[in-house]
Every structure is written in structure tokens, then in C-alpha cells.
Amino acid sequence: MTAPVAADPATVRAVLLEVIAEILPDVPAQEVLDERSLADLGADSVDRVEIITTLTHRLGSRERVSRFADIRDIGGLVAHLSGAGDAR
């Protein structure tokens, strides 16, 4: 299933920051950098699924969580969900 997301990268990033703040409240926003992965931020596998599920729901995407398995970092996640490029 493809994502019906038409959000620009800034919107995707803002929603992602909100979701990370809710699920990983000890992670300062300034640590959520493009080259970092969710695991780098301290997210375990359950946290990562919850972040992706919450993020896609808020953005109106119906994409399966499994489609995000090969995305390595925050920048790739933002690009994938905004349609701004291939997942890194």
C-alpha cells in the first residue's frame, strides 16, 4: 500500500518531533537529526513501531509498518513520508 501523504517535509518533520516527544520524552528535539536513527535516540523495537504507527496515522497514511524496515535514519523517514525522495 502506498502512502497518500502529500505533506511537505517540514510538516512531516514537525509531526515526527511531536510523536517522538510523546513516546521518548527524554529525547531533546535538537537530538532528532537527519542522520540519526530511531534506535540512536533510544527507541526499542516496540517504540519504533509505535512511532511509525502514530506518525503515519497522524499524516493520513495507510502504509504498512513493514514498508519502513529499510529506512535507516530520520532524514530517510521524512523523505519517504513526504515523497521528497527515496528512503535512505
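**Exercise 1. Classify the accessibility of Arg67 and of Glu63, and state how their side chains meet.**

Solution. Arg67 has a relative accessible area of 45%. Buried means under 20% relative accessible area, exposed over 50%, and partly exposed in between (1.4 Å probe, protein chains only). Arg67 is therefore partly exposed. Glu63, with a relative accessible area of 7%, is buried. Their side chains meet in a salt bridge, at 3.3 Å from N to O. The term denotes a side-chain nitrogen of Lys or Arg within 4 Å of a carboxyl oxygen of Asp or Glu.

The model is a predicted one, in which local features need pLDDT of at least 70 and side-chain atom pairs count only at pLDDT 80 or more, while totals for chains, interfaces and linings use all residues. Residues are numbered from 1 along each chain as its sequence is written, and side-chain values use heavy atoms, with hydrogens and water left out.

**Exercise 2. State how many salt bridges the structure holds, and describe those of Arg13 and Arg58.**

Solution. The structure holds four salt bridges. Side chains of opposite charge can pair when their charged atoms come close.

- Step 1. The side chains of Arg13 and Asp34 form one such bridge, at 2.7 Å from N to O. This pair links distant parts of the chain, with Arg13 in helix H1 (residues 9-23) and Asp34 in the loop between H1 and H2, 21 residues apart. Helices (H or I, at least four residues) are DSSP runs, numbered from the N terminus.
- Step 2. Arg13 is partly exposed, at a relative accessible area of 29%; Asp34 is also partly exposed, at 29%.
- Step 3. Arg58 is bridged to Glu22, the closest N and O atoms being 2.7 Å apart. This pair, too, links distant parts of the chain: Arg58 belongs to helix H2 and Glu22 to helix H1, 36 residues apart. Arg58 counts as partly exposed, at 40% relative accessibility.

**Exercise 3. Describe the surroundings of Thr56 and the polar contacts of Thr56 and Ser61.**

Solution. Thr56 lies in helix H2 (residues 45-59) and counts as buried, at 5% relative accessibility.

- Step 1. Leaving aside residues up to four places away in sequence, Thr56 touches Ser61, Phe68 and Leu81, where contact means heavy atoms within 4.5 Å.
- Step 2. A polar atom of the Thr56 side chain lies 3.1 Å from the backbone oxygen of Thr53. A polar contact is a pair of N or O atoms within 3.5 Å; within protein, one must be able to donate a hydrogen and the other to accept it, and residues adjacent in sequence count only if both atoms are side-chain atoms.
- Step 3. Ser61 lies in the loop between H2 and H3 and is buried, with a relative accessible area of 9%. Its side chain reaches the backbone nitrogen of Glu63 at 3.1 Å.

**Exercise 4. Determine how far helix H3 is covered and how H1 and H3 are oriented.**

Solution. Helix H3 (residues 74-82) is mostly covered, eight of its nine residues being buried. Among them are Ile74, Leu77 and Leu81. The cover over the buried residues of H3 includes H1 and H2.

- Step 1. Pro9, Val12, Arg13, Leu16 and Ile20 in H1 meet Ile74, Leu77, Val78, Leu81 and Ser82 in H3.
- Step 2. H1 and H3 pack at an angle of about 125°, with their axes 9 Å apart. Axes are lines fitted to C-alpha atoms, for helices over the stretch in contact, and angles run from 0 to 180 degrees between N-to-C directions.
- Step 3. Angles under 35 degrees count as roughly parallel, over 145 as roughly antiparallel, 65 to 115 as roughly perpendicular and the rest as oblique. H1 and H3 are therefore oblique to each other.

Note on methods: Helices (H or I, at least four residues) and strands (E, at least two) are DSSP runs, numbered from the N terminus.
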